[in-house]
Amino acid sequence: MNYFSSYLNGLLVAAGLIMAIGAQNAFVLAQGLRREHHLSVAVVCMSCDALLIVAGTFGLAVLLQQHPLAMEVTRWGGVIFLVGYALLAIRRAFGTQALAAQAASRPQRTRRTVLLATLAITLLNPHVYLDTLVLIGSVGAQQSLPLLFALGAASASILWFFSLALGAARLAPVLQRPLTWRVIDLAVAAMMLKVAWTLVSPALQST
């Protein structure tokens with residue numbers, strides 16, 4: 001059961017963060033619409049995510065094992081973040097938003113140019129490090145099986161970016177509807193609250 005729980009927690013936490021509207025998702029969607037090296041773009045995005053997730057999970061795991069107090073601080077900090085993120089997602093769900101990513105009618109760029117642009121959008125965005133190294137890493141470091149958590153988080157990245165790249169032409173009209181993102185945001189909120197409970201419940205049982 002612990003095997004499945006750690007993997008599922010990683011999948012849910014990463015999915016909640018990755019699915020949020022942002023520059024990286026808009027870029028991948030635009031490349032898919034233009035069919036411009038979109039699979040290569042997806043591979044770069046998910047590879048960067050996987051490396052940062054593993055680094056964050058195991059770097060923080062070693063630190064927390066050596067400092068028990070830091071484990072408790074990280075646990076409750078993670079709970080506060082997850083609940084806060086869930087509330088923001090609920091707030092967005094009742095707002096108006098759409099993913100603006102249009103396929104521009106311009107000449108095809110070389111694979112090298114596109115991949116360099118992908119790396120820039122991915123690695124020069126500070127939110128990427130906050131999401132993977134700090135937020136996902138802090139939750140993963142507290143799992144009984146951090147490797148499976150990291151695999152679950154990486155799986156979410158793989159599934160999302162490949163789905164976005166391959167289904168871009170069909171998904172774009174749907175993703176531009178505010179109702180779609182309301183549903184996604186409510187699902188994200190549910191994911192975040194579920195994982196927050198998994199962090200809180202062991203502490204409550206030990207008291």
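## A first look at an all-helix model

Take the contacts in this protein that link residues at least 6 apart in sequence: 90% of them join residues at least 24 apart. Keep in mind that what you see is a predicted model.

**The overall picture**

The protein has nine helices and zero strands, so reading along the sequence just gives you α-α-α-α-α-α-α-α-α. There are 207 residues in the protein, and 47% of them are buried. As for the outside, the accessible surface comes to about 10500 Å², with 71% of that belonging to carbon and sulfur atoms.

**How confident is the prediction?**

Across the protein the mean pLDDT is 79, and 84% of the residues reach 70 or more. Among the elements, helix α7 (residues 146–166) comes out with the highest mean pLDDT, at 91, while helix α8 (residues 168–175) has the lowest, at 70. Then there's the stretch to read with care: over residues 100–105, pLDDT stays under 50. For those residues the model has 12 contacts beyond four places in sequence.

**One salt bridge**

How many salt bridges does the count come to? Just one salt bridge is counted. It's formed by the side chains of R109 and E36, at 3.0 Å from N to O. What does the pair tie together? R109 sits in the loop between α4 (68–93) and α5 (111–123), and E36 in the loop between α2 (23–34) and α3 (38–66), so the bridge ties together parts that are 73 residues apart in sequence.

The two partners aren't covered in the same way. E36 has 0% relative accessibility and counts as buried, because the cut-off for that is under 20%. R109, at 23%, counts as partly exposed.

**A serine in the first helix**

S6 is found in helix α1, which covers residues 2–18. Is S6 buried or exposed? With a relative accessible area of 1%, S6 is buried. Leaving aside residues up to four places away in sequence, S6 touches Q143, S144, L145, L148 and F149.

Here are the three residues side by side:

| Residue | Relative accessibility | Class |
|---|---|---|
| S6 | 1% | buried |
| E36 | 0% | buried |
| R109 | 23% | partly exposed |

**Where to look**

If you want a place to begin in the 3D view, try R109 and E36, whose side chains meet in the salt bridge. Then go to S6 in helix α1 and look for its contacts, including L148 and F149.

Key:
Residues numbered from 1 in each chain as written. Predicted model: local features only at pLDDT ≥ 70, side-chain atom pairs only at ≥ 80, totals over all residues. Heavy atoms only, no water. Salt bridge = Lys/Arg side-chain N within 4 Å of Asp/Glu carboxyl O. Helix = DSSP H or I, 4+ residues; strand = E, 2+ residues; numbered from the N terminus. Buried < 20%, exposed > 50% of the residue type's maximum accessible area, 1.4 Å probe, protein only. Contact = heavy atoms within 4.5 Å. pLDDT = per-residue confidence, 0-100. Areas by Shrake-Rupley, 256 points an atom, 1.4 Å probe, with all protein chains shown as cover.
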